[in-house]
Amino acid sequence: MQTLDELAEHIRRCTLCPLHNGRTHAVPGEGNPKSELMFIGEGPGKKEDELGRPFVGAAGKFLEQLLAAINLKREDVFITNVVKCRPPENRDPEPQEVETCTTHYLFAQIDAINPRLIITLGRHSMYRFLPDTFKISEVHGKPFRRHGKVYLPLYHPAVALYTGSMRSVLIADMKKIPAILKKIDSLPQAS
Ligand code: SF4
């Protein structure tokens with residue numbers, strides 16, 4: 001099994017999909033390598049591409065507020081994205097880009113960290129792990145066990161920047177995490 005540092009080195013030099021063409025820095029992810037919580041967003045934005053770090057723009061500030069709602073700091077958890085290089089003009093990542101990046105890197109990061117709960121942020125992250133789910137509006141804040149892992153789909157924090165009413169939805173979903181961790185071993189396979 002590759003370590004997180006080894007994976008990050010591969011990611012920084014990766015040319016496996018077209019997204020490497022426009023990047024300033026690849027963004028492997030960062031945080032506690034032993035965290036029981038792993039947050040997975042969609043892809044780096046402008047600020048993340050400049051700095052090579054995940055969730056450092058406005059959405060990242062809100063993610064830090066969400067973590068504070070359950071008495072955590074960003075360094076307590078591991079934060080990354082389904083694609084590690086910024087899509088041009090912040091477009092959605094193409095399915096093949098998601099497939100390539102997750103197959104080579106994200107799944108290996110999950111193996112290295114072995115989190116108890118994987119929190120997907122936004123639709124692209126959710127559908128990579130829960131392709132059988134329907135709309136995020138119907139399943140956000142509900143845990144799903146699939147193939148030995150437990151996933152919690154949340155809206156992407158950026159939606160709260162455009163739609164203020166989503167702030168309270170995200171905060172409420174985030175506050176469910178401690179209770180989900182307490183009962184996580186008893187969640188049924190198809191919950
Ligand atoms: S997005 Fe992923 S697969 Fe594509 S170039 Fe970047 S690291 Fe490689």
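Helices (H or I, at least four residues) and strands (E, at least two) are DSSP runs, numbered from the N terminus. This is a predicted model, in which local features need pLDDT of at least 70, side-chain atom pairs count only at pLDDT 80 or more, and totals for chains, interfaces and linings use all residues. Residues are numbered from 1 along each chain as its sequence is written, and side-chain values use heavy atoms, with hydrogens and water left out.

**Exercise 1. Place Leu181 in the structure and state whether Leu181 is buried or exposed.**

Step 1. Leu181 belongs to helix α9, residues 177–182.

Step 2. Buried means under 20% relative accessible area, exposed over 50%, and partly exposed in between (1.4 Å probe, protein chains only). The relative accessible area of Leu181 is 12%, so Leu181 is buried.

Step 3. Contact means heavy atoms within 4.5 Å. Leaving aside residues up to four places away in sequence, Leu181 touches Glu36, Leu37, Arg116 and Leu117.

Step 4. Arg146 is 35 residues from Leu181 along the chain, and their C-alpha atoms are separated by 16 Å.

**Exercise 2. Work out the strand order of the open sheet and identify the strands at the edges.**

Step 1. Two strands pair if DSSP finds at least two bridges between them. The sheet has 6 strands in the order β1-β3-β2-β4-β6-β5, and the pairing is mixed.

Step 2. β1 (30–31) and β5 (144–146) are the edge strands; each has a single partner strand, so one side of each lacks a neighbour in the sheet.

Step 3. At the β1 edge, 2 bridges join β1 to β3 (residues 78–81) in an antiparallel arrangement. Glu30 stands opposite Ile79 in β3.

Step 4. At the β5 edge, β5 and β6 are antiparallel and share 3 bridges. Phe144 has Tyr151 in β6 as its bridge partner. The hairpin of β5 and β6 has 2 residues between the strands, and His147 takes a positive phi near 50° there.

**Exercise 3. Describe the pairing and burial of β4 and β6.**

Step 1. β4 and β6 run parallel and are joined by 4 bridges, and Leu121 has Leu154 in β6 as its bridge partner.

Step 2. β2 and β4 are also parallel, over 4 bridges. Here Phe39 has Ile119 in β4 as its bridge partner.

Step 3. In β4, 5 of its 5 residues are buried. One side holds Leu117, Ile119 and Leu121, and the other holds Ile118 and Thr120.

Step 4. In β6, 6 of the 6 residues are buried, so β6 is largely enclosed by the rest of the structure. Its two covered faces carry Lys149, Tyr151 and Pro153 on one side, and Val150, Leu152 and Leu154 on the other.

**Exercise 4. Characterise the packing of α3 against α8.**

Step 1. Axes are lines fitted to C-alpha atoms, for helices over the stretch in contact, and angles run from 0 to 180 degrees between N-to-C directions. Helix α3 (residues 58–68) packs on helix α8 (residues 166–174) at an angle of about 45°, with the axes 9 Å apart. That makes α3 oblique to α8; angles under 35 degrees count as roughly parallel, over 145 as roughly antiparallel, 65 to 115 as roughly perpendicular and the rest as oblique.

Step 2. From α3, Phe62, Gln65, Leu66 and Leu67 meet Arg167, Leu170, Ile171 and Met174 of α8.
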